[in-house]
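Let's take a friendly walk through the aromatic rings and nonpolar side chains of this model. Keep the viewer open as you read.

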Amino acid sequence: MTSDARRLGLVPRTVWLALAAALAAQIVWRTAQPPSAPAARELPPAPPPALLELASFGEGPAAARLAMLYLQAYDYGGTNITPYARLDYSRLIGWLEAILALDPRSEYPLFAAARIYAEVPDPARSRLALDFVYRQFVADPDRRWPWLAHAALIAKHRLKDLPLAR
């Protein structure tokens, strides 16, 4: 077995100097440029579940997870400066419904609705997320009851809305 690896000492000095000069030029170039702010983008409408199913090549659960990652990229931590509290919640709910249609056994969209999107400081948006959790609970109560229980706690303690909690 032969090795094509060569010692670094065999590299000519001019190559090392050119590499160092290129690195220094790159550092100077980047520090001279003003920092660019990330562009705010609006959450696009959710594609129809049939289109997502077609694009997933029969791998609904995997596509659902990727779609959830895409959806959660709309916050301060990603390339977008639109925080969760300013998202269009009707579009957000459309995405969550499409993701659940891809993988009905997944609990991640319900977790996100109850633990992330319903806990924003905007009561109207929070109610939309809680309503989504309730509607999805009705579709599969045996599996989705923990998220409804959490939604009831948010309605009671954060929103101070006992009728909604019931």
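## Phe111 and its ring partners

Phe111 lies in helix α5, in what is a predicted model. Is Phe111 buried, exposed or partly exposed? Its relative accessible area is 32%, and because partly exposed covers the range between under 20% and over 50%, Phe111 counts as partly exposed.

Tyr108 sits in helix α5 as well, three residues from Phe111, or about one turn of the helix. With a relative accessible area of 30%, Tyr108 is also partly exposed. Ring pairs join Phe111 and Tyr108 with Trp147 in a cluster.

## A nonpolar patch on the surface

Phe111 also takes part in a nonpolar surface patch of about 380 Å², which is made by Leu66, Leu69, Tyr108 and Phe111. Helices α3 and α5 each supply at least two residues of this patch.

## Aromatic pairs

How many aromatic pairs are there? The count comes to four. Tyr89 and Tyr117 form one that is edge-to-face, with 6.3 Å centre to centre and 90° between the planes. This pair links distant parts of the chain: Tyr89 belongs to helix α4 and Tyr117 to helix α5, 28 residues apart. Tyr89 counts as buried at 2% relative accessibility, and Tyr117 counts as buried at 0%.

The pair of Tyr108 and Phe111 has its ring centres 6.2 Å apart and its planes at 20°. Why is this pair stacked? Planes under 30 degrees apart count as stacked, so the 20° between the rings of Tyr108 and Phe111 puts them in that class.

## The nonpolar core

Now for the interior. The largest nonpolar core has 36 residues, and those with the most contacts inside it are Leu71, Leu87, Leu92, Leu96, Tyr117 and Phe132. The elements giving two or more residues to this core are α3 (60–72), α4 (89–102), α5 (108–117), α6 (123–139) and α7 (141–158). Helix α4 gives the most, with nine residues.

Which residues does Leu71 touch, leaving aside those up to four places away in sequence? They are Leu43, Leu92, Trp95, Leu96, Ile99 and Tyr117. Tyr117 therefore appears in two settings: it is among the core residues with the most contacts, and its ring pairs edge-to-face with Tyr89, while its relative accessibility of 0% counts as buried.

Terms used:
Residues numbered from 1 in each chain as written. Predicted model: local features only at pLDDT ≥ 70, side-chain atom pairs only at ≥ 80, totals over all residues. Heavy atoms only, no water. Core = buried A, V, L, I, M, F, W, Y, C linked by side-chain atoms within 4.5 Å. Buried < 20%, exposed > 50% of the residue type's maximum accessible area, 1.4 Å probe, protein only. Helix = DSSP H or I, 4+ residues; strand = E, 2+ residues; numbered from the N terminus. Contact = heavy atoms within 4.5 Å. Phe/Tyr/Trp six-rings, centres within 6.5 Å; stacked < 30°, edge-to-face > 60°. Patch = residues over 30% accessible without salt bridge, like charges linked within 9 Å, V, L, I, M, F, W, Y side chains within 5 Å. Areas by Shrake-Rupley, 256 points an atom, 1.4 Å probe, with all protein chains shown as cover. Salt bridge = Lys/Arg side-chain N within 4 Å of Asp/Glu carboxyl O.
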